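Here are a few exercises to work through with the model open beside you. Try each one yourself before you read the solution.

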Amino acid sequence: MSTKTDKIDRLAELTASRETTTGNSLWVEAMRRLRRSKMALIGGVIIGAFVLLAILGPWIAPYDPTDTHTWRGEVLTNQNIFVGPRAENWLGLDHLARDEFSRMLIGARQTLLVGIVATLLGFTVGALIGGASGAALTLGGAAGKRFDTVVMRFIDMMLALPSLLLAVSIAAVLGQSLTTVMIAVGVVQVPIFARLLRGAMLAQGGSDYVLAAQSLGVRKRRIALGHVLPNSLSPVIVQSTLSLATAIIEAAALSYLGLGNPDASEPEWGVMLAQAQGYFDSAPMLAVYPALGIIITALGFTLLGEAMREALDPKLRS
Amino acid sequence: MPLLSVDELTITFSGRGSRDVQAVAGVSFDVDQGQVVGLVGESGCGKSVTSLALMGLLPSRGVTIGGRADYDGTDLLRLSTARMRDLRGSQLAMIFQDPLSSLNPVVPIGVQVTEILKRHRGMKGEPARKEAAHLLDRVGIPDPTRRLKEYPHQLSGGMRQRALIAMAVACAPRLLIADEPTTALDVTIQAQILELLKELVDEEGTALLMITHDLGVVAGLCDQVNVLYAGKVVESAARRPLFAAPTHPYAHGLLGSIPRLDAPRGEPLRPIRGSINDRIDWADGCAFAPRCDSYTMECLTGTPQLTEPHTPGHLARCVNPVKHEMHGDGGDHGNTADLKKTEAGS
Amino acid sequence: MSLLELDDVKVHFPVKRGVFFDRTVGHVYAVDGVSLSVEAGQTYGLVGESGCGKTTLGRAVLRLVDITSGGVVFDGTDLAALPGEEMRRARRRLQMVFQDPLGSLDPRQNIESILTEGMTAHGIGADAGERRKRILDILAKVGLPANALSRYPHEFSGGQRQRIGIARALVLEPDVIICDEPVSALDVSIQAQVLNLLEELQESMGLTYLVIAHDLAVVRHISDVIGVMYLGSLVEEAPSDLLYAEPRHPYTRALMSAVPVPDPVVEDGRERILLTGDLPSPADPPTGCRFHTRCPWKQETLCATERPALRDVGDGHRVACHYAAEIADGTITRAAGEASPASTPETSPV
C-alpha cells in the first residue's frame, strides 16, 4: 500500500511544477506580457519622462521661457549672431534671446495637453459612433443595418478627406487658438476610431461565442454590450496610444502652419519649429530641438502602442 | 543503408522571457528507399517540428537543433542554406496540410510548376509547359492545360493539394515528406489523395515520410509506424504488428480511443485520461506516466529506453509494456485485463 | 409523436451584390428541403462533408439562421413560427454544443460567469446561492473541478473547454442538445473522453441529441439513427447498424468506403469507391439528383433530370436514389475505372 502512495506522491511532485494558471483574466495576462516586453519598456520610459517633464516643467525650468530681456543684445538675427549651448543656457538662446531649454520644458506641457485632449475627443466621439453602429448591426434587423449604412457613409466621407486638410478647414472655421488645434486634431481621429470599433464589433459579432450566447437565449442587447463590445475594445485601445503619436505630430503641424495659439511667445514645439525655420541656415539647432522632441515622444507612444498590440493579440493566447 | 536515418533529433525552442520548450526530445527513425514511414501522434508530440527540421525550414533564431539526420551520407541538420535549397525540391520535397497557404495566391499554378522545373531541371518555355501539364495530368487534375492558367483560389481544396503534390514530385524526389496532407480535406477527397500517394510510391519508388494524427490513414498506408508522445518515439514497429499488438500503453490507449466504423453502435471507447498537459519531463521518468493506468515507481525514475519487450523489431519505450495473447483475433481487442476502462476525467 | 420534427426545412442564403442598394443575384441553397424526426431520449446523427448544409440545418433548428420555409416542430410547437421573444425563451429547452471549444467561449468571461449567463437570461434560480449550487452540481457531472469557476477559458485544455461548453448547455436542463462537431477539434485521446461523457449524460439525464459531424465513425458510434446529407438534402437515413450493414445510396457507400479504419487487416482487404471530381457549389446545384455528377452508378435516364425523393424501403430505412433497389440487387453495376486496383468487387464496404 505504501508503494502506491509513494508512487502517487512522486507523480504529484513531478507534475506540480507545471501547474501555472490561476484564474488570470486576459487583461492580467496581457499586462504580464506587456511588462516583459522591451518595446513597452522603452516606450514607457520615454513617455514617463515626457509626462514628468510636462508636469514638472514650470518648477524645473531654470528661466522664464518668455523672458526676452535677460540676454537682450546677445542674439542679433540680422547679423546671424546666435548663442549656442553654454553653461548658463544649456541649449542656448532662441532668436528672441529666450532660454531654449526652458522653452522646450514648458512646450512639452502644451504638446502633451493637445495630444491627450485631442485623442480623448477622437476616442470618445469615435467610439460612440462606432459603438452605436456596431451595436445596431449586432442587434440586427433592417433598421439597424440602415442606421449603420447612413452613419458609415458619413464616416467614409470624413475619412476620404486628407486629415491635415480637414484639420486646417476646421481650424479655419473656428479661428486661431489652442482649442481649435485640439478640436481639429480630435475630429480627424473620429472616423478612425469609429471605423475601427465598428469593424471589430462586426468581426466579433460573427464569432462562435456570440452564436453560443444567442443559442443560450441571452437577450440581444446583453450580447451586444456584454460580449461584443468588451471584446472589441483592445484594437481601439491600441489605436488610441498610436493616435497620441499622430496627434502630437499633427498638433505640431497645425501650430507650425500658424493655426495654433495666437500668442506666439507661449512656447509650443510646433510653433518653435515654425519660428526656427527662418534661421535654419545660421542656427539649425533651434529647429532640431523641438523636432527631436516631437519625434522622440511620438516614437515613445508608437512603441508602447505596438507593444500593447502584441500583448493584446488574441493569437498569442495559449 | 537507409535513405534517411534520423538519430537522437532534439529541437528546443527558447522564447523571449519564457522558459525553453523541448518540442522534440530525442527522436530516432529510419526511412528506407521506397518505404512509407509514418510519424503518428497528437498535437504537441513534435511530429510537425521534426519534419520542418529535416527540410531546414525552422527559423535559426530561438531554435536549437541537436542530433543527426543522415540523408544519403550527408547530415541534413548541418547543411548550408544554399545546399539545402538545392536539395529541397530536387531530392527532398514536402507537402503541407494547408494547400492554399502553401501556394502563392497571385501566381498561376502553371508558373509555379514551371518555376520548379526551371530551377531544378533547367527546363524552359514550351517543353517546361508541356511537362507541367503532364505533371498535373499525372496527379489526376482534369484538363491540365486550362488549369495551368488558373490561380490557386480557383481550385478546390482537393485540386490544390494535387497541384502541390505535382510540384513536389516535379523533380522525382527520392524522399517526400507529407505533413498532415489530408487533414484539411473531406474524407472522400482524402481517399483520392491517399490513393494518389500510394500510386506515386509504388510507381516511382519514392520514399514517403507520412506525418499524421490519424491512425486510420496510417493503417492503410504506412510500412513502418513510429508513435510519438511528448517529443519521443514511444513505439516503433511494422504496421501489422503495431496495430495487432500495440505495446506502449499510449499506443494501446490511442487505438482504444478511436470509434471504429466497423464496430457496432455503442461499443465502449477506452479513453486515455487527462491531456498532454499532464506530463512529466522525460528526464524524470516516462512523460506518459501521469495518464497511464499501469505506471509504477520505476516509471518515475529516469528515462525509459526503447526496447523490444515481446517480439524482435517491435520497439516500445516502456517498463511495463502491454501484454497481448499471441493467438488473439488480430485487433486491439487483445488482452485488456491489465488496462481497465479508464475514467473520463482530467 | 417525435420530440423534434423537421418538415421540409429550407434555408437559402441570398447572394447580394451592389454598392448602395443590395440586389439579390442568386441563392446559396444551404439546406434545401430536409424532413426528419428525432425521438425523445435518442441520438440522431447527421453526417456529411463540408458544404452539405449540416451545420446550417443544426442552426436552423435553434433559429440561429433564418428559416426560408418549412417547419421545426418541437414538442408540439412550431419553432419556425414563434415570434422572437418566445423563440428566445424556447431555447432553454434546446441547447447547443459547438465545434470550436475555445471560440465558443467568451474569452473575457470566467467559467462562473459563462455558466450563470443562461440562468440569468431565463430567470432560473431564486438567488446567487442557488445558482451556484446548480453550477457546482453540473461541474461535477461533466468532470471539472470546482476551482474551475474563477478561471478563464484560455487556462483550460481543449477537452476541458469542451466540457465547459457542455456544462453551459446543461445548466438550463434542456431536453435536446444539438452537438455541432462536438469532438472534431479535439485530439483523438480526448475525443473518446468527450464522447463517453456525452453518452453518460444522455443516460443519466435522459437527453435527446442531434449530433452533427463529418466523421462517420464518430456518428455511427454515438447515434441511434443516422442521416446522410449531400448538398443540402438528406440522401439516406437508417438506424445506425442497418446503415452500416446495408448502405443503399451511392454516396453513403462511397463515404463509408473512404473512412479509414485503424486496422491494417481491414484496410488491406477493403474495396474503395473513389469519387471523381469535387463537390458542386451549393449556389448552383446540379439538376435532378444532386449527386449524379459524381455518382459511379449514374444512369442515362432520370438521374440528371428528376430529383429523387426520400423513399422508405422498410425497417426505417429511407433512401433518395432512383436506382437504389437495382444497385442493391446488382442489376446495375458501377461504371468501370472507378474501382481501386486492390481487392475483390462488391464486398461489404469495409
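## The nonpolar core

The largest nonpolar core in this predicted model has 300 residues, and those with the most contacts inside it are Val181(A), Val185(A), Ala163(B), Ala166(B), Ala167(C) and Leu210(C).

**Exercise 1.** Take Val185(A) and list which residues it touches, not counting residues up to four places away in sequence.

*Solution.* Start with the pair Val114(A) and Ala118(A), both of which Val185(A) touches. Next add Ala167(A) to the contacts of Val185(A). Finish with Ala247(A), Glu250(A), Ala251(A) and Leu254(A), which Val185(A) touches as well. Val185(A) is also one of the residues with the most contacts inside the largest nonpolar core.

## Where the chains meet

**Exercise 2.** Work out how many residues chain C and chain B each give to their contact, and which elements of chain C take part.

*Solution.* First, the count: chain C brings 43 residues and chain B brings 43 residues. Second, the elements: on the chain C side, two or more residues come from each of α5 (158-170), α6 (188-205), α7 (216-222), α8 (240-245), α9 (250-258) and α10 (264-268). Third, the top contributor: α6(C) has the largest share, with nine residues. Last, the chemistry: this side of chain C splits into 22 nonpolar, 13 polar and eight charged residues.

**Exercise 3.** Now do the count for chain B and chain A, and sort the chain B side by residue class.

*Solution.* Chain B puts in 10 residues and chain A puts in eight residues. Sorting the chain B side gives five nonpolar, three polar and two charged.

## Strands in chain C

**Exercise 4.** Trace how β4(C) pairs with β1 and β5 of chain C.

*Solution.* Begin with β1 (residues 4-17), which runs antiparallel to β4 (residues 69-74) and is joined to it by five bridges. To find your place there, look for Lys10(C), which sits opposite Ser69(C). Then move to β5 (residues 77-78): β4(C) pairs with it over two bridges, again in the antiparallel sense. Here Phe74(C) has Thr77(C) as its bridge partner. Finally, check the turn: β4(C) and β5(C) make a hairpin with two residues between them, and Asp75(C) in that turn has a positive phi of about 50°.

## A loop residue in chain B

**Exercise 5.** Place Gly302(B) and decide whether it is buried, exposed or partly exposed.

*Solution.* Gly302(B) lies in the loop between α11 (249-257) and β11 (315-316) of chain B. Count its surroundings: 13 other C-beta atoms fall within 10 Å, so Gly302(B) is partly exposed. For a sense of distance, Gly302(B) and Val217(B) are 85 residues apart in sequence and 34 Å apart in space, C-alpha to C-alpha.

Notes: Residues are numbered from 1 along each chain as its sequence is written. Chains are lettered from A and ligands numbered from 1 in the order in which they are written. This is a predicted model: local features need pLDDT of at least 70, side-chain atom pairs count only at pLDDT 80 or more; totals for chains, interfaces and linings use all residues. Two residues are in contact if their C-beta atoms, placed from the backbone, lie within 7 Å. Helices (H or I, at least four residues) and strands (E, at least two) are DSSP runs, numbered from the N terminus. Ala, Val, Leu, Ile, Met, Phe, Trp, Tyr, Cys and Pro count as nonpolar, Asp, Glu, Lys and Arg as charged, and the others, Gly among them, as polar. A residue is buried if 20 or more other C-beta atoms lie within 10 Å of its own, exposed if 12 or fewer, and partly exposed in between; C-beta atoms are placed from the backbone. Two strands pair if DSSP finds at least two bridges between them. A nonpolar core is a set of buried Ala, Val, Leu, Ile, Met, Phe, Trp, Tyr and Cys residues joined through C-beta atoms within 7 Å.
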